[in-house]
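I opened this entry to record what I looked up, one topic at a time. The ligand comes before the rest of the fold.

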Amino acid sequence: MGLSTSVLRPAILGFAHHRWVEGLVTRTRAGRAVASRFVAGETLAEAMAVTRDISGDGITAMWSVLGENVESAEEALHVREAYLAEIAAARSDPALDVVVSVKPTHLGLDLSVDACWSILEPILAEGERTGSWVMIDMESHAYVDRTLEILRLAHDRWPRSGVAIQSYLRRSADDVFALPEGCRVRLVKGAYLEPKDLVFRSKREVDENFRRLFSTLLSRDHPIDVATHDPSLIEGVRARVDAMEDGWSRVEFQMLYGVRPDLQRSLATQGYPVRVSIPYGTEWYPYLTRRLAERPANLWFFLSNLMRTR
Ligand code: FDA
């Protein structure tokens, strides 16, 4: 198990919850500088500009409005408006291929499943009407059952919807068998601080489970978004899908804005479908902490900037 996975990652995610740390990151130039590497900007227009830019390399986009854990229906309604505007913007330029991705707690899941569903459904309906996929992110383990319940409601009525499944969670091995038939799945390793008994703790186990889940999803005919920057997992998927007839019609690679842009371009240049997740908005702090925790070198980048610019 690498030091970064076993020790630094949980330490960074735990530390990030302190208010003074949040203040240090969000109120300094160094914090905003490191955030700008992973976040397209604060507005939809900035996300669109990045999308046009990467489309020149044959790379498509997935947009999400940053934010999570809203505490009132009013806040969730504002988020819904932002997503409806997003779908309209995506459709305004027929040259762009954009998928929309939402976080259930950003749409009121902490209030109740019913509240979240009533906020989400018009987004799904608009997605279906305009031909836009709406994907549902998977957040920390406490939300998995409720997120899958929402996915089932969604997929029943709006088939252009899908969900993320995390290979670090032990339960995912069962969850994949209970997904709606043919529903689109984004396969990820998982980005949250979780109780030790619920997750695989070594990179080797998380990767092995990723491979197993991919095989299960493939054999059960799900469209799969392989969302990782891990070269060995990417290579395995590439070899497997290359050998299938028409496999690339239901598998695509997905990566995060600001992470391994060289690999994104290289795969796209070779003709593989590549989509980049482009987050934008003002609520970037929790998202940034997950990116820092994945790769502690990002934290050193922040700290050295802080020393120079404070
Ligand atoms: P891993 O962490 O092993 O990294 C492999 C290599 O990628 C590293 O060696 C490094 O080169 C590079 N790398 C990875 N992260 C980096 C970073 N932050 N900065 C610089 N380099 C980095 N998670 C979740 O829990 N729910 C979700 O819904 C989603 N959704 C999602 C969508 C998309 C499109 C992607 C790509 C990822 C997610 N994730 C997610 C995040 C995911 O769970 C995971 O935390 C990250 O993708 C990092 O893990 P990798 O699979 O890249 O492997």
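**Ligand site**

I listed the residues around the ligand: there are 28, and Lys 189, Gly 190, Thr 228, His 229 and Glu 294 come nearest. I noted at this point that the model is predicted.

I then looked up polar atoms of side chains facing the ligand. Glu 294 has a polar side-chain atom 2.6 Å from an oxygen atom of the ligand. For His 229, a side-chain N or O atom is 2.7 Å from a ligand oxygen. With Asn 298 the ligand atom is a nitrogen, and the distance to an N or O atom of the side chain is 2.9 Å. I also looked up the cover: on its own the ligand has 930 Å² of accessible area, and the protein covers 87% of that.

Which elements each supply at least two residues of the shell around the ligand? I found helix H3 (29–38), strands S4 (161–166), S5 (184–188) and S7 (251–256), and helix H12 (285–294). The largest share is that of S7, with 3 residues. I sorted the shell by class and got 11 nonpolar, 10 charged and 7 polar residues.

**Nonpolar cores**

I kept one general point in mind here: in soluble globular proteins, nonpolar side chains tend to be buried together.

The largest nonpolar core has 77 residues. Those with the most contacts inside this core are Trp 63, Leu 120, Ile 165, Leu 179, Phe 214 and Ile 278. Helix H6 (residues 113–130) gives the most to the core, 7 residues. I also found a second core, separate from that one, with 22 residues; Val 34, Ala 35, Val 259 and Tyr 285 are among them.

I went through the contacts of Ile 165, leaving out residues up to four places away in sequence. Ile 165 touches Leu 148, Leu 179, Leu 187 and Leu 213, the valines Val 176, Val 185 and Val 188, and also Ser 172, Asp 175 and Arg 186.

**Thr 60**

I found Thr 60 in strand S1. Is Thr 60 buried or exposed? Its relative accessible area is 18%, so I entered Thr 60 as buried, the cut-off being under 20%. The side chains of Thr 60 and Arg 275 are joined by a polar contact of 3.5 Å. Setting aside neighbours within four places in sequence, I listed Ile 54, Asp 97, Val 274, Arg 275 and Val 276 as the contacts of Thr 60.

**Positive phi**

I checked phi with the usual background: most residues other than glycine have a negative phi.

Asn 69 has a positive phi, near 50°, and is not a glycine. I placed Asn 69 in the loop between strand S1 (60–65) and helix H5 (73–92). Asn 69 is partly exposed, with a relative accessible area of 33%.

Asp 221, also not a glycine, has a positive phi of about 65°. Asp 221 sits in the loop between helix H9 (203–219) and strand S6 (224–227). At 53% relative accessible area Asp 221 counts as exposed, because the cut-off for that is over 50%.

**Trp 300**

I looked up Trp 300 last and found it in helix H13 (residues 296–309). The relative accessible area of Trp 300 is 48%, so I entered Trp 300 as partly exposed. From Trp 300 to Asp 110 I noted 34 Å in space, C-alpha to C-alpha, and 190 residues in sequence.

Definitions and conventions: Residues numbered from 1 in each chain as written. Predicted model: local features only at pLDDT ≥ 70, side-chain atom pairs only at ≥ 80, totals over all residues. Heavy atoms only, no water. Near = heavy atom within 4 Å. Polar contact = N/O pair within 3.5 Å; in protein donor to acceptor, adjacent residues only side chain to side chain. Areas by Shrake-Rupley, 256 points an atom, 1.4 Å probe, with all protein chains shown as cover. Helix = DSSP H or I, 4+ residues; strand = E, 2+ residues; numbered from the N terminus. Nonpolar A, V, L, I, M, F, W, Y, C, P; charged D, E, K, R; others polar. Buried < 20%, exposed > 50% of the residue type's maximum accessible area, 1.4 Å probe, protein only. Core = buried A, V, L, I, M, F, W, Y, C linked by side-chain atoms within 4.5 Å. Contact = heavy atoms within 4.5 Å.
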